[in-house]
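This report describes one protein chain, from single residues to the overall fold. Please refer to the sequence and structure shown here.

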Amino acid sequence: MSRTALRICPLCEATCGLALTIDGTTVTAARGDRDDVFSRGFVCPKGASFGAADADPDRLRTPLVRRDGELREATWEEAFDAVAAGIRPVVERYGPHSVGIVLGNPNVHTVAGALYPAVLRGALGTRSLFTASTLDQMPKHVSSGLLFGDANAIPVPDLDRTDHLLLIGANPLESNGSLCTAPDFPGRLKALRARGGTLTVIDPRRTRTARLADRHVAIRPGTDALLLAAMAHVLFEEDLVDLGALTPYVEGKDEVRDAVRDFTPESVAAACDVDADVTRALARELAAAPTAAVYGRIGSCTVPHGTLASWLVDVLNILTGNLDRPGGALFPQAATDRTPRPAGPGRGFALGRWHSRVSGHPEAKGELPLSALAEEIDTATGIGEPVRALLTIAANPVLSAPDGDRLDKALDSLDFMVSVDPYLNETSRHAHVVLPPPPPAQSPHHDFALNTLAVRNQVRYTRPAVPLEPGRMAETEILARLTLATTGTHGTDPAAVDAMVIEQTLGKAVRDPHSPVHGRDPGELTAQLTGDNGPERRLDLMLRLGPYGDGFGARADGMTLERLLAHPHGIDLGPLRPRLPGPLKTRSGKVELLPGPIADDLPRLRQALAERPDGLVLVGRRHLRSNNSWMHNIPALTGGSNRCTLHLHPDDAERLGVRAGQPVRIKGAGGEVTAPAEVTDAVRPGVVSLPHGWGHDRPGTRLTHAAAEPGVNVNQLLDGSMLDPLSGNAVLNGVPVELVPVSRP
C-alpha cells in the first residue's frame with residue numbers, strides 16, 4: 001500500500017518541497033510539492049532522484065571500527081567506546097587544539113548539522129576548525145562582517161521584484177543558487193526577462209545562465225574585483241552615486257571614492273579583457289535601473305581577490321541605493337533567527353584572533369583555511385601541537401580541498417580519526433571509526449542556515465518520512481553521543497546535550513532586557529516546550545524566541561513548533577522587506593563602507609592591473625545533476641552533460657593539436673591529471689574548465705558506480721599555497737595550467 005509523505009529536499013540550496021511516494025519503507029518516487037509555500041511544485045533532477053539517493057546500496061548501515069588495520073562492522077556501543085578511547089588521550093596529552101574538526105557542505109542541509117557541531121566544537125575548546133566555507137564562500141562572510149558587523153548578514157537579490165540583475169561568477173541555472181536560496185531560480189530569471197527586466201551575466205564561460213542573459217561579458221578569470229572597482233569608479237566619476245534612503249546608515253562614501261580612483265575602465269580593460277565602453281555601460285545601466293541588484297558567487301569568491309570582489313558587490317548595491325530596498329538586495333529574516341536587538345553600535349567583526357600554526361593564516365569567522373589542513377597535520381614547527389586527531393562530519397576534503405594527495409598521506413599519519421559519513425569515501429576510508437547517519441527519508445528537515453539566505457521569508461519543517469530502520473541511529477543522536485564521547489562524558493544520556501543547550505539559551509534569554517521572556521522563570525519556560533525529542537524541543541525554543549515567535553505566550557498568533565506542524569506545506573512569512581539599521585552590528589552602528597582590512601588589501605589589487613596570464617588558466621564548472629562530490633554514486637545523476645571532461649576553446653585546441661575526445665594531460669602547481677578533451681566555444685579562448693568533485697579512483701572506498709567512471713580531481717592541480725589573504729579561501733579559479741595532448745593507445 002503506497003502513501004505520500006512530504007519532505008524538504010536536502011540535495012542543494014534551493015530547498016524545494018517534495019512529495020514522496022512510499023511503499024512500505026521505500027521511497028519509490030519523488031515529485032515537486034505543488035502546495036509548498038516556497039517552491040510551488042518545482043523540482044530539479046536531484047530532487048527527482050531522491051529515492052535513488054536514499055536507497056543507494058553503498059550507504060553504510062552500521063558503524064565501522066578499525067581493528068588490526070581493517071575497518072570492520074561494529075555495534076554503536078563499540079563504536080562510541082572506540083571514539084572515547086581514541087580521542088580523549090590525545091586531548092589530555094596534547095591539548096584541545098590537537099583535535100581538528102572538518103565540516104562539509106552537507107551539514108547545512110541537515111537538522112543535526114545545524115544544531116550540534118557548534119556544541120561539539122565549544123565543548124572540545126579547539127581552535128582547529130576547518131570547513132568547506134574556505135573553499136567557496138568565506139570571502140562573502142568576511143566582507144559582510146567588515147561592512148555590516150555580522151559575518152552572516154548576507155543580503156540576497158530580490159529576484160521576484162528587481163528590474164535589473166547583474167550576476168558575476170554565478171551560474172544558478174546549473175547550481176540552483178548559492179548563498180541565495182531560491183527554488184526555481186531558472187523560472188525566476190525567465191520571469192525577470194518576461195516583465196521587461198534586464199539580466200547581465202559576467203562569466204568567462206557561456207553558461208546556461210549566460211545564454212539566457214541580455215548581455216554576457218566574457219571576462220578573464222580572476223579579474224572580477226578589477227571590473228567591479230572600475231564600475232564603482234564610473235558611478236563616482238559620472239555623478240551617478242545615489243544612496244537614497246541608505247544615507248543615514250552609511251559612512252565612508254568619500255573614502256571609497258578615493259580608493260577606486262585609480263581603477264578607471266581604461267586601466268582595467270587589458271587585465272579584464274573587457275572594453276572600457278562595456279564597463280561604463282554596465283555601471284550606467286545599473287544606476288539607471290528603477291531597481292537593481294548585483295549578485296556574485298563562487299566564480300568571484302574563489303580567486304586571489306575574492307574578499308575584495310565580494311565587498312565590491314555590496315558597494316555597488318549601496319552606491320546605487322539598492323541595498324535594503326525592494327527590488328534590490330535585502331537581508332532575509334528567518335524564523336529561527338535570534339530575537340532582533342535594538343539598532344545601535346555592536347561589537348563589530350574581527351579577523352585574525354588567532355592564526356594557523358604553520359603558515360600563520362589568520363582565522364576568519366572562527367575557522368582556519370581548509371587548504372592548510374594537511375600542513376597542520378604533517379608539519380612540526382616547535383610552536384604548538386600538530387593536529388593529531390580529526391573529526392570529519394559530512395566532509396570529503398581529499399577531493400574538495402587542494403592537493404588531495406598530500407592530505408591523503410597526512411590523514412594516514414593521524415593518531416585517531418572519526419568520520420560521520422554515510423559512505424566509505426576518499427576521506428572516511430582513513431578513519432578509525434565511521435559513524436553512518438541514516439538516509440534522508442529517515443531524518444527530519446528544517447533549513448536553519450539556508451532560510452537566512454532565502455529570497456522570500458518562510459518556514460517549513462518535515463518530520464522523517466519513514467521510521468528509523470532497525471540498527472540505525474538518528475544523526476542528531478550520533479552527534480550528541482560524539483560530543484559526549486570526545487569531551488570526557490562518554491556514557492551520559494545523549495538527551496543531556498539538548499537539555500544543556502536549552503538551559504543555557506533560556507538562562508541567557510531571561511537575563512536579556514530585550515527578550516520577550518525577560519525576567520521569567522527558565523524552568524517554567526522549559527516545561528512549555530513541545531516536540532517528540534530534544535532536537536524538536538530546541539527547534540520549538542528557537543521558533544518561540546525568534547522574530548515571528550510567540551515569545552512563550554507574549555504573542556497569541558506567534559510561531560511555535562505546534563503551529564508549524566499544523567502547516568505541513570510550510571508558512572509563508574511574506575516578501576523580503578527593508579530591515580536597516582537592525583542587522584548592523586558594526587562598532588559605529590552604520591554600514592562601514594571602507595573597513596581597514598579592505599583598504600589595506602587594495603594595493604594588492606592595484607598591482608593586478610599590470611598582471612597578465614602567459615598561458616592557459618583553469619576555471620571550475622557546475623553541473624545541475626551533482627553537488628560537489630556527493631552524487632556521483634547515483635546512476636541517474638551521472639552521464640550526459642554531467643561528465644568529467646576538459647572544456648577548451650576551438651582556437652586553443654587547434655593551436656595545441658588537441659582533438660575532441662582526445663586525452664589531455666593538465667599540469668598545475670600541485671600535480672597533473674588526464675581528462676578527455678571537450679572542444680567548445682562555450683569557454684573563452686585562453687581558458688579551460690574542469691568540473692569539481694570528481695576523482696573517485698582511490699582504493700579502499702565503497703562507491704561502486706562512482707569508481708566505475710571516476711573522473712579526475714581538479715583540486716590536485718593546486719598545491720594549496722594560493723589563498724585570498726583576508727578570508728583564507730582557496731584560489732580555485734584563474735589558476736595557470738599547462739596542457740599536453742596524450743596520444744591514444
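Is D273 buried or exposed, or partly exposed? D273 is partly exposed, because its relative accessible area is 42%; buried means under 20%, exposed over 50%, and partly exposed in between, with a 1.4 Å probe and protein chains only.

## Basis of the description

This is a predicted model, in which local features need pLDDT of at least 70 and side-chain atom pairs count only at pLDDT 80 or more, while totals for chains, interfaces and linings use all residues. Residues are numbered from 1 along each chain as its sequence is written, and side-chain values use heavy atoms, with hydrogens and water left out.

## Overall architecture

The protein chain contains 27 helices and 26 strands, assigned as DSSP runs numbered from the N terminus (helices H or I, at least four residues; strands E, at least two). Along the principal axes, its C-alpha atoms occupy a box of roughly 70 × 65 × 60 Å. The radius of gyration is 25 Å, which agrees with the value near 27 Å for a compact globule of 745 residues; this radius is taken over C-alpha atoms, and the globule rule is 2.2 Å times the number of residues to the power 0.38.

Of the 745 residues, 61% are buried. Contacts (heavy atoms within 4.5 Å) are often long-range in sequence: among those between residues at least 6 apart, 73% join residues at least 24 apart. The chain exposes about 26,600 Å², and carbon and sulfur atoms supply 50% of this area, as computed by the Shrake-Rupley method with a 1.4 Å probe.

## Helix α21

Helix α21 spans residues 495–511 and has 17 residues. From its first C-alpha to its last it reaches 25 Å, close to the expected 24 Å, where the expected span is 1.5 Å times one less than the number of residues.

Its buried residues are V497, D498, V501, I502, L506, G507, A509 and V510. The cover over these residues includes α5 (117–124), α20 (475–486), α22 (522–528) and α23 (534–545).

## Backbone features in loops

Two residues other than glycine have a positive phi: T15, at about 55°, and D273, at about 60°. T15 lies in the loop between β1 (2–8) and β2 (17–23) and counts as buried, because its relative accessibility is 1%. D273 is placed in the loop between α13 (265–272) and α14 (276–288).

A cis peptide bond joins L580 to P581, with omega near 5°. P581 belongs to the loop between β19 (571–575) and β20 (591–592).

## The loop between β17 and β18

L450 is located in the loop between β17 (433–435) and β18 (456–459). L450 is buried, with a relative accessible area of 3%. Leaving aside neighbours within four places in sequence, L450 is in contact with C12, E13, T15, V108, H109 and T181. The C-alpha atoms of L450 and L391 are separated by 24 Å, with their positions 59 residues apart along the chain.

P437 is placed in the loop between β17 and β18 and counts as buried at 7% relative accessibility. Residues up to four places away in sequence not counted, P437 touches V420, D421, P422, R472, E475 and I478. P437 and G169, 268 residues apart in sequence, are 34 Å apart in space, C-alpha to C-alpha.
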